[in-house]
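Hi everyone, thanks for coming. I'd like to walk you through one structure today, so have a look at it while I talk.

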Amino acid sequence: MKRPLLIGLCVLAIAATGVLAAMAPIGGAQAPPPSTDTTTTTESTTTAPETTAGATTTTTTTTTARPPKGHSKPKLIPLGVTVGGIHVGGLSATAAYIVVRAAFRAPLVLQAGAHREMVNPADLGAIAYAKAAVAHARSAPAGAAIPLGVSIQGRAVRELVDSLVEKYEREPIDSKLLLRHLQPYVTEGQPGKTLDRKASVAAILQALRENRRTGIKLPWVEIPQEISRKTFGSVVVIRRGSNRLFLYKGMKPWHTFVVATGQSVYPTPLGRFQIVVKWKDPWWYPPDSPWAQGAKPIPPGPGNPLGTRWMGLSSPGVGIHGTPDSASLGYSASHGCIRMYIPQAEWLFEHVDVGTPVYIVPA
């Protein structure tokens, strides 16, 4: 009796379940369909059904994504490290290389006195070995200063300096002789200047090696004047009216001599001249002038009208010379020349040169 009863209860239970299942859509709320969305981020969500006491619940589990095996965070250069004077501490090797390379490509600012020139390192054939220096920096201790290896074309640097010399060189201005208030006046003039080629090349090369771009001063050297106040030699001023010869060292008075100048019919010429010839024990040759017609040349000796010394001027036939006729000195008695005592003419001969300027003035 128990076995048939058990079978009958099972059949009734199955039938009741089917009826309830058929009635659920009509009178109850419909459960939402399971979600099909997935999210690809560093977190993933997994949903697993769990049955307890006839009810279904959802449990969420969160997991964190990990970097792929074999990939680690890049190593940074130790703090305080510099490469060629550029701070690269705390940077990756790639970032450090970019920074160092950009710094090296910056133009050099050359200072030549008041003049400035900007020059690209590439124009000088300069190449920086930045990769090798950065590689060294990665293993250097904190605060290390790593030099930047640089290759430079010395010829290009020398050509640059030569072009700057041609551009900025200033020629010296020599002193000039003037006559002011019957006395010689020598202008100051001005020395020239040019770049010191050797030192300038060295300064540019050093700046490239040290990766400096400013504070590059190119040194100057002075070009001395050929003629200056300090080096100016003798100057002769002859005052025809007072029959005096004044000798100066540049602008400084040196000696004064009594002389004879030309007669009114044979005046000593006025103007600026220079000594063009010096003769010891000269011959006297008669000039092409009425007063010398029929005269013959006179060899050196006591009777020579030129004495023992002749200093010919750039005015033809006119010179400074000694004379045996000392009584004529202090007067306008010659035929155009400037006569002196013989010993004084010999002394003057030793203290003037060919090229010495001679002023003859009417005072």
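**Rings, a helix and a hairpin**

Let's start with Trp291, which is partly exposed at a relative accessible area of 34%. For that word, buried is under 20% relative accessible area, exposed is over 50%, and partly exposed is in between, using a 1.4 Å probe and protein chains only. Before I go on, this is a predicted model, where local features need pLDDT of at least 70, side-chain atom pairs count only at pLDDT 80 or more, and totals for chains, interfaces and linings use all residues. Residues are numbered from 1 along each chain as its sequence is written, and side-chain values use heavy atoms, with hydrogens and water left out.

Okay, aromatic rings. How many aromatic pairs does a search of the whole structure find? It finds four. Here rings of Phe, Tyr and Trp (its six-membered ring) pair if their centres lie within 6.5 Å; planes under 30 degrees apart are stacked, over 60 edge-to-face, and the rest tilted. One of the pairs is Trp254 with Trp347, edge-to-face, with 5.6 Å between centres and 70° between planes. Trp254 belongs to strand 17 (residues 252-258) and Trp347 to helix 6 (residues 342-351), so this pair ties together parts that are 93 residues apart in sequence. By the way, helices (H or I, at least four residues) and strands (E, at least two) are DSSP runs, numbered from the N terminus. Trp254 is partly exposed, at 28%, and Trp347 is partly exposed at 28% too. Then there's Trp284 with Trp291: the centres are 6.3 Å apart and the planes sit at 45°, so that pair is tilted. Trp284 is buried, at 12%. Phe257 also joins Trp254 and Trp347 in one aromatic cluster.

Some rings have a charge over them, meaning NZ of Lys or CZ of Arg is within 6 Å of the ring centre and within 35 degrees of the ring normal. Arg239 does this over Phe246, 4.6 Å from the ring centre. Lys278 does it over Phe349, at 4.5 Å.

Now, helix 3, residues 130-138. Which of its residues are buried? Those are Ala130, Ala133, Val134 and Ala137. Looking down the axis, they fall within an arc of 100°, so they line one face of the helix; the arc is taken from the directions from the helix axis to the C-beta atoms. If you wonder about that spacing, an α-helix has 3.6 residues a turn, so residues three or four places apart point the same way. The face turned away from the buried side has Lys131 and Ala132, which are exposed. Ala130 has 4% relative accessibility, so it counts as buried. Leaving aside neighbours within four places in sequence, Ala130 is in contact (heavy atoms within 4.5 Å) with Tyr97, Val100 and Leu148.

Last stop, the hairpin. Strand 10 (residues 177-180) and strand 11 run antiparallel, joined by four bridges; two strands pair if DSSP finds at least two bridges between them. Leu178 stands opposite Tyr185. Two residues lie between the strands, and His181 has a positive phi near 55°. Where do the side chains of strand 11 (residues 183-186) point? They alternate: Pro184 and Val186 point to one face and are buried, while Gln183 and Tyr185 point to the other and are not.

That's my tour, thanks for listening!
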